Amino acid sequence: MTGDTQRHDDARPQRAPVGDRPARAVPHQAPTPLGRLVATVERLRREVLEAQAAADGRALIELAKGILIGQLHCTPAAAARQLDVLCRDSGMSPLELAADIVNQASRDHVSEIAAEFVERAGAAGDPAEQHSAVSVRLRTAESGVLAAAADTQAVAESLLTNALGPLGAVAVAVWTAVPDGSLALAGHAGFRPGEADRWRHVPPGVSTVARLALQERRLVTLASLTREGLPSIGHLQWSDGGRMAVPTGTGGRIHGVLEICWPQPLAPQPPRIERQVEALAEVCAHTMDASPPRDLTTTETVLPDVAELIDLAEGLQDPAVVLTPVLDPEGRLSDFRIRHAGSRFVDPVGRPRGDVNGALLLEAYPTAAGESGLFDIIERVHATGEPFRAERMSLTALVDQIPLTSVADISVSRLGAAVLLIWRIEDETARLANLLQHAQRLGRIGGFEENLATGETTWNAQLYALHGLPPTAPPVRLQELPGYAHPDDSAALGRFLRAVLRHRRPASVNLRLQRPDGITRHIRVVAEPVLDADQRLYAVRGAYQDISAQHWTEVALAATRDQLAHTEAESAERNRLALQLQHAIMPPTPQAVEAPGLRVAVRYRPAETESLVGGDWYDTVVLPSGLIMLSVGDVAGHGIEAATGMVVLRNALRGLAVTGAGPAQLLSWLNTVTHHLAKHVTATAVCGLFDPNTRVMRWARAGHLPPVLVRGGEADALPLIDGLLLGALPDVTYVEREVQLEPDDTLLMFTDGLVERRDSSVQDSLRHLVNAAGAGAGDLDGQLDRLLAESRSDTDDDTCLIGIQVG
């Protein structure tokens with residue numbers, strides 16, 4: 001046994017005895033009485049620790065012997081001899097063998113961890129690790145904890161010495177969760193003197209490491225206390241050290257928290273270490289649960305705390321149910337059973353108490369398991385003991401698979417292992433009255449009732465506010481209402497009163513109420529007569545509604561409608577004038593122009609919408625020199641501005657052409673006119689001068705598409721020479737070109753309304769026109785009609801098309 005204990009002691013860090021510490025290079029001095037006392041205390045402390053470790057090891061070996069006695073049905077001496085034989089045959093120490101026997105017999109959390117560790121070690125090809133001290137540490141700690149189950153301080157010391165010290169931990173604290181939400185320090189080990197006294201009690205609401213684990217109900221790992229900013233026991237001693245905290249509980253209840261301290265920052269721990277800590281917390285939880293073993297899965301047994309809650313539920317004025325936990329075969333919480341429904345029980349969906357008494361909570365209310373729902377709240381209260389309160393919480397129940405929702409105030413609290421659930425379902429009448437009150441407030445409606453027999457008039461609070469009267473003022477009767485109304489409303493108010501009081505039929509009236517504070521409000525009064533059994537009028541009831549906001553909104557809308565109508569009339573008149581101006585200068589169907597050596601035909605198609613009157617123009621003029629000026633142009637924009645701009649440019653070009661200048665010079669002068677005299681106008685144009693004697697046409701362009709020449713059944717656009725649009729810059733020089741025309745040639749000049757499309761480039765649209773012009777035959781009028789009909793333009797713009805046929 002001594003050798004076994006020594007092997008166990010070597011597995012954990014040992015403090016070097018005072019005599020074994022490295023000696024300082026100081027002169028030898030005779031031991032003082034104080035030095036002898038310190039050495040004696042240190043030696044005695046070391047002997048106590050060694051004795052405790054040996055006792056824990058012996059407890060584990062004795063437990064293994066007990067298992068052998070039960071399995072082999074032998075005497076204790078035979079079990080001891082069998083243990084020695086197994087140690088000799090397996091090459092394992094008694095502690096390792098004892099831990100292995102306990103693992104195989106218990107099949108608990110510790111044995112699962114040991115089996116997992118052995119499997120991982122075997123997969124890594126390291127058979128020596130199969131006999132690791134992990135199982136020994138956990139089982140030795142368990143033996144020490146069970147031996148000191150009544151002393152939580154001894155439990156903490158055993159956990160640190162046997163299991164947590166080898167993991168590098170330097171201190172451990174065992175906290176008890178008090179039902180009022182506070183934490184009490186039940187046991188500790190490794191902290192310096194006086195630290196435990198400072199942390200005996202942690203009030204509710206104080207954020208600590210243990211509180212974090214309790215709230216989250218899971219293992220929490222903190223790399224550094226300083227980095228996380230959470231206080232805890234020993235934070236001054238190891239301010240930068242790491243912490244682990246894990247809740248300890250049984251049967252779904254959390255009894256406390258096991259907190260472990262490391263002196264240095266703690267790196268992320270592998271799952272196997274976390275599972276070891278959780279196993280130690282589970283062992284610790286069994287020692288903290290002081291309640292006797294209970295069978296809470298049956299409905300026949302009534303425990304004292306359950307009976308106490310049942311008596312409490314019967315004394316309450318609100319509906320209440322008593323719940324007890326239902327555990328699965330592995331001891332985990334799976335549901336709650338409704339052990340008792342109080343005599344004032346009111347089900348949210350109207351079921352009698354007998355239908356839910358004895359049922360499982362999730363069977364009776366399956367929707368309680370929703371996220372952050374009622375079941376989660378009850379589970380948290382049962383686990384931590386902290387009560388829960390909530391107002392106007394939604395409760396949903398299924399009736400024939402149809403969810404019905406009620407609003408209730410909820411209270412959940414725990415006594416022992418049972419939970420008391422109280423709900424106060426909002427009264428439907430009170431809820432509707434509350435809704436009506438809010439609706440009247442939001443709609444600015446006040447109600448009244450006037451008893452004609454007694455002369456008593458009843459108002460609600462909103463009606464006093466509408467009249468601007470204090471609640472202590474006497475109500476205004478219907479017959480007194482004309483004295484509070486605007487004089488201009490007297491006739492309408494008189495008809496209203498006669499209809500209600502004399503003719504006994506419902507009526508309404510709009511009036512201007514003049515309040516005592518000088519404010520005038522627009523009010524609608526609605527009233528109906530109330531008749532008795534003999535059809536005699538004995539009361540009138542009705543409502544006032546403040547419609548001031550609606551009245552002024554209607555006034556504003558009327559003014560806006562008038563303004564819009566005026567604006568629309570002005571716009572229509574402007575468009576009509578622009579259209580008349582455009583048609584006066586360029587009729588939609590002009591007559592063909594006969595000139596020496598030429599025949600000119602024009603097609604003009606206005607925009608489909610008359611509000612989009614544009615600035616397209618065309619012109620054919622025989623000049624004094626005998627030359628013929630041919631021009632087409634397009635002013636940017638629509639409306640009266642575009643139409644008047646078109647008139648200015650068209651007439652200006654006519655006047656400038658008399659000078660005998662060439663097309664390029666004419667466009668240069670026209671650009672000057674556009675830039676300086678026609679403000680905010682830009683335009684494109686093509687200008688040509690045709691000589692009937694030589695059939696030569698000189699032409700120039702200002703941002704416009706070039707003409708298309710049709711000759712011998714083939715068509716092509718003239719070269720795209722340079723030329724900036726009119727009005728962009730003050731001084732622009734334009735390029736002039738000549739084209740020799742032949743008899744029967746047709747020259748097409750047009751505006752972009754003929755070819756422009758939103759989904760195609762200008763080059764593609766021009767190419768389509770060229771192809772259409774070359775494919776056609778016939779007289780000039782027929783060609784123009786066909787091109788206009790086949791136009792693919794979709795911009796809803798004006799279109800000018802000029803056909804010039806050489807004779």
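## Alanine 661 and its loop

Helices (H or I, at least four residues) and strands (E, at least two) are taken here as DSSP runs, numbered from the N terminus. In this predicted model, alanine 661 sits in the loop between α19 (640-657) and α20 (663-676). Its relative accessible area is 13%, so alanine 661 is buried.

Beyond its neighbours within four places in sequence, alanine 661 is in contact with Leu666, Trp669 and Leu689. Leucine 689 is 28 residues from alanine 661 along the chain, and their C-alpha atoms are separated by 9.7 Å.

## Confidence

The average pLDDT of the protein chain is 77, and 71% of the residues score at least 70. Residues 1-28 stay under 50, and the model gives them 30 contacts beyond four places in sequence. Residues 292-301 also have a pLDDT below 50, with 15 contacts beyond near neighbours in sequence.

## Arginine 414 in strand β10

Arginine 414 belongs to strand β10 (residues 402-415). Its relative accessible area of 17% falls under the 20% cut-off, so arginine 414 counts as buried. What lies 2.7 Å from a polar atom of the arginine 414 side chain? The backbone oxygen of histidine 382 is at that distance.

Histidine 382 also appears among the residues that arginine 414 touches, once residues up to four places away in sequence are set aside. The others are Arg253, Val381, Ala383, Thr384, Gly385 and Val419.

## Strands β7 and β8

Strand β7 (residues 320-327) and β8 run antiparallel and are joined by seven bridges. In one of these pairings, valine 321 has alanine 341 of β8 as its bridge partner. The two strands form a hairpin with five residues between them, and glycine 331 in the turn has a positive phi of about 85°.

Strand β8 (residues 333-341) is largely enclosed by the rest of the structure, because eight of its nine residues are buried.

## Helix α22

Which residues of helix α22 (residues 780-789) are buried? They are Leu780, Gln783, Leu784, Leu787 and Leu788. These residues lie on the same side of α22, because they cover an arc of only 130° around the axis. An α-helix has 3.6 residues a turn, so residues three or four places apart point the same way.

The buried residues of α22 pack against three strands and a helix: β18 (598-605), β26 (746-750), β27 (799-806) and α21 (762-775).

## Aromatic pairs

The model has five aromatic pairs. One of them is formed by phenylalanine 191 and tryptophan 238, a tilted pair with 5.9 Å from centre to centre and 55° between the planes. Phenylalanine 191 is in the loop between β2 (183-189) and α8 (195-198), while tryptophan 238 is in the loop between α10 (225-228) and β5 (243-250), so the pair ties together parts 47 residues apart in sequence. Both phenylalanine 191 and tryptophan 238 are buried.

Phenylalanine 448 and tyrosine 544 make an edge-to-face pair, because their planes stand at 75°, with ring centres 5.5 Å apart. Phenylalanine 448 lies in strand β12 (residues 445-451) and tyrosine 544 in strand β16 (residues 537-546), so this pair links distant parts of the chain, 96 residues apart. Phenylalanine 448 and tyrosine 544 are buried as well.

## Proline 263

Proline 263 is found in the loop between β6 (253-261) and α11 (271-288). With a relative accessible area of 26%, proline 263 is partly exposed. Not counting residues up to four places away in sequence, proline 263 touches Gly168, Val170, Trp238 and Gly241. Trp238 is a member of the tilted aromatic pair with phenylalanine 191.

Proline 263 and serine 224 are 39 residues apart in sequence, and the C-alpha to C-alpha distance is 9.6 Å.

## Positive phi outside glycine

Glutamine 535 has a phi near 65°, a positive value in a residue other than glycine. This residue is placed in the loop between β15 (520-531) and β16. Is glutamine 535 buried or partly exposed? Its relative accessible area is 49%, so glutamine 535 is partly exposed.

Arginine 695, also a residue other than glycine, has a positive phi near 60°. Arginine 695 is placed in the loop between β21 (683-691) and β22 (696-702). At 31% relative accessibility, arginine 695 counts as partly exposed.

Definitions and conventions. Residues numbered from 1 in each chain as written. Predicted model: local features only at pLDDT ≥ 70, side-chain atom pairs only at ≥ 80, totals over all residues. Heavy atoms only, no water. pLDDT = per-residue confidence, 0-100. Contact = heavy atoms within 4.5 Å. Buried < 20%, exposed > 50% of the residue type's maximum accessible area, 1.4 Å probe, protein only. Polar contact = N/O pair within 3.5 Å; in protein donor to acceptor, adjacent residues only side chain to side chain. Arc of directions from axis to C-beta. Phe/Tyr/Trp six-rings, centres within 6.5 Å; stacked < 30°, edge-to-face > 60°. Pairing = 2+ DSSP bridges.
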